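Q: Could you take me through one part of this model in some detail? I would like to look closely at the open sheet and at what surrounds its strands.

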Amino acid sequence: MGDAHRIGVIGLGVISRAYLDTLVGHRAVRVTAVADLDASRSAAVTAELPGVQALSVGELLSSPDVDTVLNLTVPAAHAEIALGAIGHGKHVYGEKPLAAELTDAGTVLEAAAKAAVGVGCAPDTVLGTGVQTARAAVEAGAVGRPLFASAVMVTPGHERWHPHPDFYYTAGGGPLLDMGPYYLSALVHLLGPVRAVIGASSRRRTERVIGSGPRAGERIPVEVDSHVSGVLEHEGGVLTTITTSFDGVATTAAPIEVHGERGTLTVPDPNNFDGEVRLLELGGAQWRTLPPSAGYVGAARGVGLLDFVAADGLRAPRASGELALHVLETMTALLRSSAEGRRIELSTSVERPVPVPLTPVREWR
């Protein structure tokens, strides 16, 4: 993809700030344009960043000054924007999920293949030292042969802090499609792809109350299940139990645990880039914290896009569209399993991404 890769950003909501902090001033990329349906957001960014153009969405998609479109729109718009970028011969890297619907996600990858452009997708948190150190430990035999795992995410709901949380409770949202990509991407890194699932889910409240911002006190409808549990059958035979919920207050469970014949490994929150990886070996007296041994050190949002650009066709990007498609099918299969009351076999698989060696900040920044 070349040096000084030009990035156009579509969608300037809350998450865009973190991306811009990482990308602006980076030696390998240059943010050249931004677009948002709210023109005031674009104006605010261009006022802060001289040389960045404020364009309409259509103008950005067709701009000759953009090589890759960074798609930070709401999930319902992910596929439309991605296809627009691909149609203009541009690479696209998006926030998760790859699309709100599995069929749309497949269409995006098919279109990209025909156009010979790349597709990348968040989350990139799993490329930090937390998950990557845990993966290195598992691959080094720290727990022996992995037998089973657990993944748990419990919060009271994003409406407590997000000023415009509506999309979390519509198609493409919910705890699984919103937070599940972090956990499932981490599990693929740790244990490999999933071959089948069994799911159960519920929706005990039909509306939520916005807790902050200009709309505080406003009630919004809940159109998706807000608690999802299930069992994942990994291709290697490991079973993972997973729970994602917007219905609980808190949990003391480790975000992810991998249990093997010789030990148990706790994995830090995959929504973060780092954190403690702890190991208790069979017969051991206490947990010990493993030093970082893999991953992008001090990573931040956007490191997956930098990895995507750096791949440059020489290797598969680690935050790839193929991984995002497999994760999306796993999630939609869990919801379908819940609705139909049966085990669902997946049609997609994916190669585990190439591990990230321990990479100091100076080498990726």
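A: Happy to: what follows is a walk through the sheet, from its overall order to its edges, its middle strands, the helices beside it and a patch on the surface. Please keep in mind that this is a predicted model.

Let's begin with the layout. The open sheet is built from nine strands, and their order is β16-β15-β14-β13-β7-β12-β11-β8-β17, with mixed pairing. Strands in a sheet pair through backbone hydrogen bonds, and they may do so in parallel or antiparallel fashion. The two edge positions belong to β16 (288-290) and β17 (344-345); each has a single partner strand, so one side of each has no neighbour in the sheet.

At the β16 edge, that partner is β15 (residues 277-281), which runs antiparallel to β16 and is joined to it by three bridges. If you would like a pair to find on screen, L279 has R288 of β16 as its bridge partner.

Two helices pack on this sheet. Helix α7 (residues 174-191) touches β7 (146-154), β11 (227-234), β12 (239-245), β13 (256-260) and β14 (263-267), and its direction makes about 155 degrees with that of β7. Helix α9 (residues 321-340) touches β8 (194-202), β11, β12 and β17, with its direction at about 50 degrees to that of β8.

Now to β14, which is well worth a pause. On one side, β14 is antiparallel to β13, with four bridges between them, and a hairpin of two residues connects β13 to β14. Here H259 lies opposite T264 of β14. β14 also pairs with β15, again in the antiparallel sense and over four bridges; in this pairing, L265 faces L279 of β15. L279 is thus a handy landmark, since it is also the residue whose bridge partner in β16 is R288.

How enclosed is β14? Five of its five residues are buried, so β14 is largely enclosed by the rest of the structure. Both of its faces are covered: G263, L265 and V267 are buried on one side, and T264 and T266 are buried on the other.

Finally, have a look at β7, the strand that holds L147. L147 has a relative accessibility of 36%, so it counts as partly exposed, a class that lies between the limits of 20% for buried and 50% for exposed. Together with F148 and L239, L147 makes a nonpolar surface patch of about 260 Å².

Note on methods:
Residues are numbered from 1 along each chain as its sequence is written. This is a predicted model: local features need pLDDT of at least 70, side-chain atom pairs count only at pLDDT 80 or more; totals for chains, interfaces and linings use all residues. Side-chain values use heavy atoms; hydrogens and water are left out. Two strands pair if DSSP finds at least two bridges between them. Contact means heavy atoms within 4.5 Å. Axes are lines fitted to C-alpha atoms, for helices over the stretch in contact, and angles run from 0 to 180 degrees between N-to-C directions. Patches are made of residues with over 30% relative accessible area and no salt bridge: like charges are joined within 9 Å, nonpolar side chains (Val, Leu, Ile, Met, Phe, Trp, Tyr) within 5 Å. Accessible areas come from the Shrake-Rupley method with a 1.4 Å probe; for residues, only the protein chains shown count as cover. A salt bridge is a side-chain nitrogen of Lys or Arg within 4 Å of a carboxyl oxygen of Asp or Glu. Buried means under 20% relative accessible area, exposed over 50%, partly exposed in between (1.4 Å probe, protein chains only).
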